[in-house]
Amino acid sequence: MGKTIIEIKDLVKTYKVGGETVTALHRISLHVEEGEFIAIIGPSGSGKSTLMNMIGCLDKPESGEYILEGNDVGKLNDYELATIRNQKIGFIFQNFNLLSKLTAIENVELPLLYQGVAPQEQKQLAQECLEKVGLGDRAQHLPTQLSGGQQQRVAIARSLVCNPPILLADEPTGALDSKTSKEILDVMKKLNGEGHTIILITHDLGVARQAKRIVQIKDGRLYENGGDPVETSAFF
Amino acid sequence: MRTEGILLKLLPSFKLAWRNIQTSKLRSFLTMLGIIIGVASVIALVSIGQSSSQSVNASINSLGTNVLSVSVLNSDSSDFTADDVNGLQKVNGVKRVAPVISGRITAKNGTTSSTISVVGTTASYQKIKNIKVANGRFLADIDNELRLKTVVLGSSAASTLFSGENPVGQTVQLNGTSYKVVGVLQSSGSSMGSSGDDTIFVPLRTAEQLTGSNAISSVYVQVQSADQVSFVERQLNYALLSVFHDTDDYSVSNSQDVMDAMSDVQNTMSLLLGSIASISLLVGGIGIMNIMFVSVSERTKEIGIRKAIGAKRKDILVQFLIEAVVLSALGGLIGVGAGFAAIKIYALFASTSVTLSLSVTALSFGFSLIVGVVFGVFPANKASKLNPIQALRYE
């Protein structure tokens, strides 16, 4: 297949909760190639969020290796991690996480601002991304003036604007009704069709089935079996 | 090019800071209030202090140049009379002397009467003290020699007794005796709390009769040139000792000494007022720091989002620092306006002119910016150090 984007090997992450050590990720290995649409599915407490923070470079592995497009994430400092998040990863959150005081287009411009792109170019790129998600005419609206589905599209536009190799979506449909969820998933499928690598984290098997590849996480361990999750009935 | 780029990058932070101020107007105003009061009071107090010290200097100058004044501190100990003053006239370097007998008498014109200060003196007094006559003339030597019952009125004494009429040529009753008004003085303004305008002047020898005493209370001595002042001062001290026999009974002071002492007092006052006002600026800064800390915890989620999409520590730090500085700068600007208004209002009520001290305005505005930076750093640093994972989870 294509070129390797993510290479995770024997990754471990533990937390100390009141003197007790909890292993959130237990020697996890994952290999993701360019252009994949992969769903990571698991119930709450399975280590799903920890894995997503890890893939999203918000956290560093304790032991094991995480290579993102040739960068050894474990060896980067805070400054370099911020740069990686800015350029390599587009975050899409469950609660959209738009800044309420900024208009749609200003929200989309934000990642470009931290990259130091000239204002004129910021506006142009942000407008293009808003058009790509079908919100070209809502650029000057505040998040509160948009519906949930529209807000999530703005968030997708924001994740796209730096043209990152990976889009990382954490329960992107968790706060939406089923009709809007389908629209959002269609947008993501379309983006995958255009060549974006998408990692979708969810607890919803129905959502996960939209992906081309499904990986299960349970008690801090990853399971993968062809395209279908094993032991589906065990946690649903 | 480079600085332009940085400014462009900071522009959204300024916009956001402005938007935050607009969305919570009352809170922002209350936050700025400390800075506003601080800047306004520094500007107003120091400007008023400086202007009043200028006007004091001006009025001391108007007392005459190269003038020494002899004050009799203990009038019981000796009879210091006009003859002794004539002795002072002979001291080397003395240009002219003006003895003064002072007292308070009742002045009456028709039914209007008023208790008023009277100064008995000679024609020299006008030349030594730079007195300007508005109408008529000042006392002349002949008034004194012939003990004429003539009187010159200070401007406000004239308006009290004659209420708008021209007093020159009319008579006024002083302690029951008729005096002819020969002149009215121009207003000289008040200096150091005593107004010369409320005084009337009669010839020295007439004053001896009027007040029933021939004891001189003070003497103004004009020296021929500035470099002789200290020499003459010593000579006067020597001459006076032989009259009084005790140095505690009299004092000789020169106008330069008075001026120096007054400007010392004024400078100390300005400094004191300025420092008290600066403390309120500092307190204002603490107010800003407090509200910025609140703002950081309220906006934890926002900080998390910004960090997730690639904001570096310095980006967050600069953003919050800019917000603190925008708050304090805006407070500073409003403070400058308020200070200016306070000066105008003061000038209106005190009916003097106060000039805005530009250096103090710039200084206090600059200080408000520094306060913003200094007290903004701690909250901004706290914001920049937040862990993005925990910040994102914050609701």
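Two strands pair if DSSP finds at least two bridges between them. Helices (H or I, at least four residues) and strands (E, at least two) are DSSP runs, numbered from the N terminus.

The model on screen is predicted: local features need pLDDT of at least 70, side-chain atom pairs count only at pLDDT 80 or more, and totals for chains, interfaces and linings use all residues. Residues are numbered from 1 along each chain as its sequence is written, while chains are lettered from A and ligands numbered from 1 in the order in which they are written.

**Stop 1: the four-stranded sheet of chain A**

Select β2, β1, β4 and β5 of chain A; in that order they make an open sheet of four strands with antiparallel pairing. Its edge strands are β2 (20–33) and β5 (71–72), each of which pairs on one side only. Now show β4 (residues 63–68) with β5(A): this antiparallel pair has two bridges. Which residue in β5(A) is the bridge partner of A:Leu68? Label A:Asn71, which is that partner.

Next add helix α1 (residues 48–55) of chain A, which packs on the sheet and touches β1 (4–17), β2 and β4 of chain A. Two residues are in contact if their C-beta atoms, placed from the backbone, lie within 7 Å. The direction of α1(A) makes about 55° with that of β2(A). Axes are lines fitted to C-alpha atoms, for helices over the stretch in contact, and angles run from 0 to 180 degrees between N-to-C directions.

**Stop 2: the six-stranded sheet of chain A**

Select β6, β7, β8, β3, β9 and β10 of chain A, which in that order form an open sheet of six strands with mixed pairing. β6 (89–92) and β10 (221–223) stand at the edges with a single partner strand each, so one side of each has no neighbour in the sheet. On average, neighbouring strands of this sheet are turned by 20° against each other, direction ignored.

Inside the sheet, pick β3 (residues 37–41) and β9 (residues 213–218) of chain A, a parallel pair with four bridges. A:Ala39 has A:Ile214 as its bridge partner in β9(A). Strands of a sheet pair through backbone hydrogen bonds, either parallel or antiparallel.

**Stop 3: two helices of chain A**

Show α3(A) and helix α5 (residues 148–160) of chain A, which pack at an angle of about 30° with their axes 7 Å apart. That angle makes α3(A) roughly parallel to α5(A). Angles under 35 degrees count as roughly parallel, over 145 as roughly antiparallel, 65 to 115 as roughly perpendicular and the rest as oblique.

Which residues of α3(A) meet α5(A)? They are A:Ala104, A:Asn107, A:Val108, A:Leu110 and A:Pro111, set against A:Val154, A:Ala157 and A:Arg158 in α5(A). By class, the residues of this contact are six nonpolar, one polar and one charged. Ala, Val, Leu, Ile, Met, Phe, Trp, Tyr, Cys and Pro count as nonpolar, Asp, Glu, Lys and Arg as charged, and the others, Gly among them, as polar.

**Stop 4: where chain A touches chain B**

Show both chains: 20 residues of chain A are in contact with 19 residues of chain B. On the side of chain A, α2 (78–88) and α3 (104–115) are the elements that give two or more residues. α2(A) gives the most, with six residues. This side of chain A divides into 10 nonpolar, five polar and five charged residues.

**Stop 5: chain B**

Colour chain B by its domain assignment (bounds come from an automatic or database assignment): domain 1 is 9–59 + 261–393 and domain 2 is 75–245. Taken over C-alpha atoms, their centres are 55 Å apart.

In chain B, select helix α9 (residues 255–298) and helix α11 (residues 313–350), which pack at an angle of about 140° with their axes 11 Å apart. This makes α9(B) oblique to α11(B). α9(B) brings B:Gly284, B:Ile288, B:Met292 and B:Val296 to the contact, and α11(B) brings B:Phe320, B:Ala324, B:Leu327, B:Ser328 and B:Gly331. Six of the contact residues are nonpolar, three are polar and none is charged.

End at β7 (residues 177–185) of chain B, which pairs with β4 (residues 133–136) of chain B in the antiparallel sense over three bridges. Here B:Val133 has B:Leu185 as its bridge partner. β5 (residues 150–153) of chain B pairs with β7(B) in the parallel sense over four bridges; there B:Val151 is partnered by B:Val181. β6(B) and β7(B) form a hairpin with two residues between them, and B:Asn175 in the turn has a positive phi of about 45°.
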